[in-house]
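Q: I am new to this structure and would love a close look at a single part of it. Could you walk me through how the aromatic rings pair up?

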Amino acid sequence: MVNPGDNAQITREDVYKLEQREKELRIGSHISYELTPSSSGDHPTVASLAETENLSRSTEKPPVVEGGGLSFLSVLFTDSKWRDNNADLLQSFGHGTQIVETAVKSNSLPPSQEARVIFDKYLDGSHVQNPFLLRKSVQQLYTRVFLSQAPQNNTRHDMFRTFMILAIGSVTLHRTGNHPFHPFGYYVSAMQHFDSNFLTNGLSSIQDLLLIGRFGIYHHIGTSIWDITQLCMRMCIEHGLHRLPNTKIPLLHEQLQRRIFWECYMIDRYSSGTLDRPMAIADRDIRIGFPANADDEEVVAAQDIFPDLDSFSTAHVAGHLAMRTNEMSVFFVVLRLRQITSRIHSKFSRTSESFLATGKIYTDLNQNLCDLEEWRKSTPVFDNPKCLYQTQEWYDLLYSGEQLILIRKGIELLPKRNGVPPEEILTLCLQFASKTIELYSNLYRQGMITYTRSYFQMLFTAGLSVMFCVSVGTKVTNTISETSLKTLSICEETLKNIGVKLPDAKSYVAVFAALRGNIAKKRDRYLQRSQATSRRSPEIPSTPSGSYHGSIPNVLLSQQQLPLNRENGEGMRNFVAELPNSHFATHQAFESVSDWVHHGDNQAFNHFGTGAELGVDDILPWAFLNEDTLWNMEAGLGDYAYGNPNSHMNLFDGFDFHH
């Protein structure tokens with residue numbers, strides 16, 4: 001870069017030093033990338049920017065990207081009666097819970113046969129989705145450590161990687177009762193062999209950090225995964241992995257470089273999207289292509305035939321060899337999905353406040369839903385899946401989860417009447433949220449998927465989304481309300497099961513159970529009063545358009561009556577219906593969320609009824625909370641899943657519990 005004032009050149013290192021100096025001045029602490037003991041125990045952790053970021057975030061408002069897709073759910077927490085009854089429960093979020101891992105001691109190396117099972121589990125599991133190590137390198141590492149005649153010659157780095165692979169590979173084995181030693185014990189042993197000089201070893205440094213970050217998805221390691229990912233991407237850029245190499249290098253090495261870079265890209269896109277933080281690198285700055293969609297052996301065999309990896313990839317695709325499933329197939333599935341979510345994140349963070357943005361939001365929503373649909377159609381089929389990542393059920397879960405995230409962003413940004421989004425958007429939100437709960441719960445019940453904080457966050461917010469849709473839907477029938485309550489019961493049951501294994505999630509589970517119980521009680525009260533009312537007066541007739549006549553509050557009117565913007569409501573609705581391959585137009589024939597799910601059931605139902613039916617205290621207030629509280633809602637859940645595991649304790653600090 002060049003300073004426009006004096007044309008002096010400024011390097012990335014100069015910018016980085018200025019950034020660090022600014023943070024030091026702001027919080028009065030020194031920043032280090034060294035390993036330090038965790039404050040919660042004696043286990044060492046990677047202390048990159050985590051502590052600095054957390055201290056800074058606690059004292060000033062973070063840069064939140066608009067359209068995060070969670071703050072609209074705060075309406076569920078604004079019921080004054082519910083808050084009064086659960087004040088102690090919500091305030092419990094301010095108190096930390098014990099981290100189970102701090103009591104786990106280090107493990108020694110297992111016997112070679114047991115280690116072989118764990119290494120194979122790593123290669124057939126985590127490596128399938130995240131191949132940032134070469135399969136051959138992992139196999140050679142096992143041979144050196146477990147089959148060598150001189151184990152005393154193993155380097156510290158070999159021991160570190162061995163224990164990290166044992167830690168990751170033993171997660172599901174331990175959780176299913178097939179391995180007696182806790183994975184965190186292997187992680188503790190790995191960190192005892194960690195040397196800060198490992199961070200100066202080029203590609204190897206990035207791989208080591210990726211191993212730590214990967215384990216951090218399953219267990220509390222005291223460090224933000226997002227910060228680890230940011231450091232990884234910064235190192236990728238410093239090594240020029242985002243652009244073509246300047247000199248000719250072996251094809252397999254170039255393949256590995258690309259796998260490492262795009263692995264960092266995928267984790268960055270997911271974690272930054274979850275936390276609504278800026279991406280580590282813009283898509284426009286990436287000049288490198290994808291890795292070859294081929295097994296390592298095929299890449300090695302092509303070394304003397306093709307001058308570079310791109311020419312090999314082109315020939316490989318032209319020969320239809322890339323159509324077969326191989327070691328890279330799942331990696332490409334996730335990579336293509338993260339490219340879509342990267343575009344979604346960029347589009348929905350730059351939305352104009354002009355009324356014309358309504359049409360743009362609908363257009364972007366529809367296009368991205370189409371992109372996700374095409375992605376799902378393109379996923380490979382494995383004849384004999386070896387792990388979760390090769391199953392169609394997992395692809396369905398990814399698909400449904402991303403659809404829900406996308407539609408929640410739309411709910412955030414689209415115009416609302418009295419806090420109620422357009423009905424066709426609620427329709428999709430209820431569909432995607434219910435499907436996400438169903439898919440994950442089924443996989444979890446069958447033992448096909450394990451638990452992580454990221455999955456917990458996905459399930460928790462899907463449950464809140466269902467509550468929101470059935471609470472504010474203008475014509476939710478008795479049938480769909482009953483179905484939704486059953487879905488919420490399944491969600492609660494799964495969350496409770498996970499909460500037993502993730503003690504720091506128990507407060508979330510308790511809040512979810514209280515919310516679900518509140519929804520169910522209001523439904524029961526409505527049904528009782530509705531039956532009494534129906535015996536005294538005739539039902540309110542509905543017109544063919546689905547609108548009602550009479551003195552019913554606007555919040556309960558059919559969304560078909562409400563313009564999507566003040567300029568031209570009918571024109572906007574026609575515009576939405578006529579979008580190419582419209583995901584909204586397919587539901588326009590039905591009047592509401594309930595009509596779409598259960599055709600022909602025309603009994604009008606709303607959990608909260610009208611003021612005359614339930615009394616003013618029973619109506620859920622539509623006013624949103626203040627900006628700081630919305631930040632707590634969005635950032636708390638995201639930080640719990642992918643950021644700083646301790647910051648979620650302040651999730652509900654913005655609520656006045658005694659209002």
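A: Happy to! Rings of Phe, Tyr and Trp, the last by its six-membered ring, count as a pair if their centres lie within 6.5 Å. Please keep in mind that this is a predicted model.

With that rule, a search of the whole structure turns up 24 aromatic pairs. One of them is stacked: the ring centres of Tyr-187 and Phe-215 are 5.0 Å apart and their planes meet at 15°, which is under the 30 degrees that stacking calls for. This pair joins distant parts of the chain, as Tyr-187 belongs to helix 10 (residues 183–192) and Phe-215 to helix 11 (residues 203–216), 28 residues apart. Both rings sit on buried residues: Tyr-187 has a relative accessible area of 1%, and Phe-215 has 0%.

Now turn to Trp-394 and Tyr-395, whose rings form a tilted pair. Here the distance is 5.9 Å from centre to centre, with 55° between the planes. Trp-394 is buried at 3% relative accessible area, and Tyr-395 is buried too, at 0%. The cut-off behind that word is a relative accessible area under 20%.

Rings can also be linked into a group through their pairs. Phe-261, Trp-262, Tyr-265, Phe-290, Phe-331 and Phe-332 are connected in this way into a cluster. If you have the 3D view open, you could pick out Phe-261 and then look for the other members of that cluster, such as Trp-262 and Phe-290.

Note on methods:
Residues numbered from 1 in each chain as written. Predicted model: local features only at pLDDT ≥ 70, side-chain atom pairs only at ≥ 80, totals over all residues. Heavy atoms only, no water. Phe/Tyr/Trp six-rings, centres within 6.5 Å; stacked < 30°, edge-to-face > 60°. Helix = DSSP H or I, 4+ residues; strand = E, 2+ residues; numbered from the N terminus. Buried < 20%, exposed > 50% of the residue type's maximum accessible area, 1.4 Å probe, protein only.
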